[in-house]
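Colleague: I would like a close look at one part of this model, with enough of the surroundings to place it. Please take the salt bridges as the subject.

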Amino acid sequence: MSKYVEKAKELRAVTEIHYNCAQSVLVPFAEDAGISEEAAMKIASNFGAGMRRASTCGAITGGLMVLGLFGIDNVKVVGEYHRRLKEKHEGYLDCADLLRVNKEQGREKKLHCDEMVYECVELAEELIKEYKAAP
């Protein structure tokens, strides 16, 4: 397990503070990307719960933020990020759709959201390595 996934798991286990899904993806990469955890928390604060509107999943937008911080703003790479996620989730990227499918499968919401966080952390890390954007 990578240090980024490990950190994401630590954040998702905290109960005193709620780290939303976007924060839980972005914060683990903050230090290596050259920003403070506090700045990462603020940047991602309004992206949880699908931008607080059940739109694009916060974990997914958190991963996009990570890619951007590592200098990946290439349309091809971002398209690959979306393609890989869509393949795993019946073509859905919106929080509302992902949660609906999860509920139809009888699964717990927190478990689903945690898994989305870890998946997006792993995928962002993979793409950073693939495109050699690591600091």
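Colleague: Is D114 buried or exposed? Please start there and work outwards to the other pairs.

Modeller: D114 is buried, because its relative accessible area is 11%, under the 20% cut-off. Bear in mind that this is a predicted model. The side chain of D114 meets that of K110 in a salt bridge, with 3.0 Å from N to O. K110 is partly exposed, at a relative accessible area of 37%, so this pair joins a buried residue to a partly exposed one. Both belong to helix 8, which covers residues 109–130, and because they are four residues apart there, about one helical turn separates them.

Some salt bridges share partners: E80, R83, R84, E87, E126 and E130 are joined in this way into one network. Within it, the side chains of E80 and R84 meet at 2.7 Å, N to O. E80 and R84 are both buried. Their spacing repeats the pattern of four residues and about one helical turn, here in helix 6, residues 75–88.

A further pair lies in helix 3, residues 37–44, where K42 and E38 are again four residues apart, about one turn of the helix. The salt bridge between their side chains has an N to O distance of 3.4 Å. Here both partners are on the exposed side of the cut-off: K42 has 58% relative accessibility and E38 has a relative accessible area of 54%. Since exposed means over 50%, K42 and E38 both qualify.

These pairs are part of a total of 14 salt bridges in the structure. The protein carries 19 positive and 22 negative charges, and the mean positions of the two sets are 3 Å apart.

As for the surroundings, the secondary structure consists of eight helices and zero strands. The radius of gyration is 14 Å, close to the 14 Å from the globule rule for 135 residues, so the protein is as compact as a globular protein of that length. The C-alpha trace spans about 40 × 35 × 30 Å along its principal axes. Of the 135 residues, 45% are buried, D114 being one of them. Among contacts with a separation of 6 or more, 63% are between residues 24 or more positions apart. The exposed surface is about 7300 Å², and carbon and sulfur atoms supply 52% of it.

Notes:
Residues numbered from 1 in each chain as written. Predicted model: local features only at pLDDT ≥ 70, side-chain atom pairs only at ≥ 80, totals over all residues. Heavy atoms only, no water. Helix = DSSP H or I, 4+ residues; strand = E, 2+ residues; numbered from the N terminus. Rg over C-alpha atoms; globule rule 2.2 N^0.38 Å. Buried < 20%, exposed > 50% of the residue type's maximum accessible area, 1.4 Å probe, protein only. Contact = heavy atoms within 4.5 Å. Areas by Shrake-Rupley, 256 points an atom, 1.4 Å probe, with all protein chains shown as cover. Lys, Arg positive; Asp, Glu negative; His and termini not counted. Charge placed at Lys NZ, Arg CZ, Asp CG, Glu CD. Salt bridge = Lys/Arg side-chain N within 4 Å of Asp/Glu carboxyl O.
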